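Work through the following exercises with the sequence and the coordinates at hand. Each task is followed by a solution in steps.

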Amino acid sequence: MQKLTDQGSQKINDLAQRYGVSTDAVMALLQALINGNGTMAQFNHHELGGSGQWSQGGMTMVGDMFNNVLKAKVDGLCTEISRLLAQQPFAPPPLGSQSQSQGGRQQQQQGGSGSPGMVGGSPAVSLFVPAAQGSSGNWWPADLGFPSGSGSQNNIRYAYFANARRLAVEINGHVTVYDTLDHQIGGVSQQQGSGGSLTFTSQYGTIPVASLPIVSIDGVVQNAPAETETPAEPYRADTAQETDIYAKIEQLADLERKGILSQEEFAAKKSELLGRL
């Protein structure tokens, strides 16, 4: 997530006080809504009933499913945060397809009754510090460009770059970039809730993300596999001549053991044969 401005931090504090929750709970919803392009959220926070979901248009689900007061609180928070995000000039762009981007623009047009940059006729709150000049503002490394596909689930986001053969995964603000090798990735999923392992689907089936080589973590390039040493010259079988000489030496050694040849005769003949190698 981009760094909050002082005005943004104050807005988060105001929301926390008005709804009777901690700033951590509000930040959890803010991150979840950023992951959901401002129109939906999947979150997991103990103050909000554990795991839950919200989507623009009236769908609110919390772990304590019969707690209508909590549902109303989550809906109110998500609605206000969603409206704030719709007015942010520096908010992360939608992660999905063009149609999702168009939906984001429609949301921005509908976010307030005033002109752009206004909420309800008053100046909008600037939540985020603008990205540095030349930066894309995206959460993945800028050199990867625009993803072929992307998505989010619970506390993770992913972006797949088919041409670069890279998969970027963000978990709790930490971005890891993987080499996708020859996989053609169709989607990434998190198994068994927010603490489960990550897998992706490709032409080879369902594969653990952890099986892919890591390219970088938080922008730090990981050490490439050490180059293998030049292999020693492969074993070469003896030639027929060498094999014959070794056989003759063994025969001479046998004669020397039997006393037919003296040690001096055996040594001389052996030296002669070895000299032919």
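The exercises below proceed from the whole chain to its sheets, hairpins and cores.

The model is predicted, so local features are restricted to pLDDT of at least 70 and side-chain atom pairs to pLDDT 80 or more, whereas totals for chains, interfaces and linings use all residues. Residues are numbered from 1 along each chain as its sequence is written, and side-chain values use heavy atoms, with hydrogens and water left out.

**Exercise 1. The whole protein**

Task: State how many helices and strands the protein has, and what share of its residues is buried.

Solution.
- Step 1. Assign the elements as DSSP runs, numbered from the N terminus: helices are H or I over at least four residues, and strands are E over at least two. The protein has six helices and 14 strands.
- Step 2. Apply the burial classes: buried is under 20% relative accessible area, exposed is over 50%, and partly exposed lies in between (1.4 Å probe, protein chains only). Of the 277 residues, 34% are buried.
- Step 3. Compute the accessible area by the Shrake-Rupley method with a 1.4 Å probe. About 16,300 Å² is exposed, and carbon and sulfur atoms supply 51% of it.
- Step 4. Take contacts (heavy atoms within 4.5 Å). Among those between residues at least 6 apart in sequence, 47% join residues at least 24 apart.

**Exercise 2. The sheet of β1, β2 and β3**

Task: Describe the order of the strands in this sheet, and identify which helices lie on it.

Solution.
- Step 1. Strands count as paired if DSSP finds at least two bridges between them. The open sheet has the order β1-β2-β3 with antiparallel pairing.
- Step 2. β1 and β3 (59-61) each have a single partner strand, so one side of each is without a neighbour in the sheet.
- Step 3. Fit axes to C-alpha atoms, for helices over the stretch in contact, and take angles from 0 to 180 degrees between N-to-C directions. With direction ignored, neighbouring strands of this sheet are turned by 10° against each other on average.
- Step 4. β2 (residues 50-55) is joined to β3 by three antiparallel bridges, and Q53 stands opposite M61 in β3.
- Step 5. α3 packs on the sheet, where it touches β1, β2 and β3, and its direction makes about 55° with that of β2. α2 lies across β1 and β2 and runs at about 145° to β1.

**Exercise 3. Successive hairpins**

Task: Trace the pairing from β7 through β8 and β9 to β13 and β14, and find which turn residues have a positive phi.

Solution.
- Step 1. β7 (residues 156-161) and β8 (residues 166-171) are antiparallel over six bridges, with L167 as the partner of Y160. Four residues separate the two strands of this hairpin, and R165 in the turn has a positive phi of about 55°.
- Step 2. β8 also pairs with β9 in the antiparallel sense over six bridges; here E170 has V175 as its partner. This hairpin has two residues between the strands, and N172 takes a positive phi near 55°.
- Step 3. β9 (residues 174-179) pairs with β13 (residues 214-217) over three antiparallel bridges, T176 being matched with I217.
- Step 4. β13 is joined to β14 (residues 220-221) by two antiparallel bridges, and I217 stands opposite V220. Two residues lie between these strands, and D218 in the turn has a positive phi of about 50°.

**Exercise 4. The sheet of β10, β11 and β12**

Task: Determine which strands form the edges of this sheet.

Solution.
- Step 1. The open sheet has the order β10-β11-β12, with antiparallel pairing.
- Step 2. β10 (187-190) and β12 (205-208) are the edge strands, each pairing on one side only. The twist averages 30° from one strand to the next.
- Step 3. β11 (residues 198-202) meets β12 over four antiparallel bridges, and F200 is partnered by I207.

**Exercise 5. Nonpolar cores**

Task: Identify which residues touch the most other members of the largest nonpolar core, and which elements contribute to this core.

Solution.
- Step 1. Collect buried Ala, Val, Leu, Ile, Met, Phe, Trp, Tyr and Cys residues joined through side-chain atoms within 4.5 Å.
- Step 2. The largest such core has 26 residues, of which V26, L30 and I81 touch the most other members. Two or more residues each come from α1 (6-19), α2 (23-35), β1 (40-45) and α3 (68-86).
- Step 3. Another core, of 13 residues, lies apart from it and includes Y158, Y178, V188 and L198.
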